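Consider the chain shown below, and follow its helices from the overall outline down to single residues. The paragraphs after it take up the fold, then the packing of helix pairs, and then two buried positions.

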Amino acid sequence: MQDIILVSFGAILGSNLRFIIYETLEKYKLNNNLRILFVNTFASFFLGFFLSIIPQVGSLDFSYQLVLFFLIGFLGSFSTFSTFVYDLFVLLLQSNFFQALKLFVTSIALGIIAIAFGFYLGTY
């Protein structure tokens, strides 16, 4: 039961932070794809950072609890993979193949760069 509570609290925080960031970026007139790209890149950075510091945590039980809360709960609800896939799908339905390809490549590239950067910062 404690595991479910940890995941749930992390998910509450992650989804609410995603909503706040998403709404804040809307005020700057960024289109939907850019807002999702920003959130997913930010989540990738924190994933890399978290994965680099987890081995440094002394207690295995504490590490497991952090994984449940932060990785599964918080980052799982913060990142927006399903929205990213839906945006790609809509672009393909609109026969906007170049825009879909550009979104796909940019998202994957920035995600990999962000996770590597986060991992690097957490390691050194």
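Two residues are taken to be in contact when heavy atoms of theirs lie within 4.5 Å. On that basis, among the contacts in the chain between residues at least 6 apart in sequence, 73% join residues at least 24 apart. The model under discussion is a predicted one, and its secondary structure consists of five helices and zero strands, which read along the sequence as the pattern α-α-α-α-α. Taken along the principal axes, the C-alpha atoms fill a box of roughly 50 × 30 × 25 Å, and of the 124 residues of the chain, 31% count as buried.

A starting point for the packing is the pair formed by helix α1, residues 2-27, and helix α2, residues 32-53, whose axes are 10 Å apart and meet at an angle of about 140°. Angles over 145 degrees would count as roughly antiparallel, and α1 and α2 are therefore described as oblique to each other. The crossing in which α1 passes α2 is right-handed. On the α1 side the contact is made by R18, I21, Y22, L25 and E26, which meet N32, R35, I36, F38, V39 and F42 of α2. Sorted by class, the residues of this contact comprise seven nonpolar, one polar and three charged.

Helix α2 also packs against α5, here with the axes 7 Å apart and at an angle of about 30°. Since angles under 35 degrees count as roughly parallel, α2 is roughly parallel to α5. The contact of α2 with α5 contains 13 nonpolar and twelve polar residues, with no charged residues. As with the previous pair, the handedness can be stated: α2 passes α5 in a right-handed crossing.

Helix α5 itself runs over residues 97-123, and at 1.5 Å a residue its 27 residues should span 39 Å, which agrees with the 39 Å that separates its end C-alpha atoms. Which residues of α5 are buried? They are A100, L103, S107, G111, A114, G118 and G122, and these buried residues pack against α2 and also against α4, which covers residues 81-93.

One of the buried residues of α5, L103, reappears when the view moves to N33, a residue of helix α2. N33 has a relative accessibility of 16% and so counts as buried, the cut-off for that class being under 20%. Apart from its neighbours within four places in sequence, N33 is in contact with D87, L91, Q99 and L103.

The second position to examine is G73, which is placed in helix α3, residues 60-78. Its relative accessibility is 1%, and G73 therefore counts as buried. If neighbours within four places in sequence are left aside, the contacts of G73 are with V7, G10, A11 and L68. The C-alpha atom of G73 is separated by 17 Å from that of I20, a residue 53 places away along the chain.

Methods: Residues are numbered from 1 along each chain as its sequence is written. This is a predicted model: local features need pLDDT of at least 70, side-chain atom pairs count only at pLDDT 80 or more; totals for chains, interfaces and linings use all residues. Side-chain values use heavy atoms; hydrogens and water are left out. Axes are lines fitted to C-alpha atoms, for helices over the stretch in contact, and angles run from 0 to 180 degrees between N-to-C directions. Helices (H or I, at least four residues) and strands (E, at least two) are DSSP runs, numbered from the N terminus. Angles under 35 degrees count as roughly parallel, over 145 as roughly antiparallel, 65 to 115 as roughly perpendicular and the rest as oblique. A crossing is left-handed if the near helix is turned anticlockwise from the far one by less than a right angle, and right-handed if clockwise. Ala, Val, Leu, Ile, Met, Phe, Trp, Tyr, Cys and Pro count as nonpolar, Asp, Glu, Lys and Arg as charged, and the others, Gly among them, as polar. The expected span of a helix is 1.5 Å times one less than its number of residues. Buried means under 20% relative accessible area, exposed over 50%, partly exposed in between (1.4 Å probe, protein chains only).
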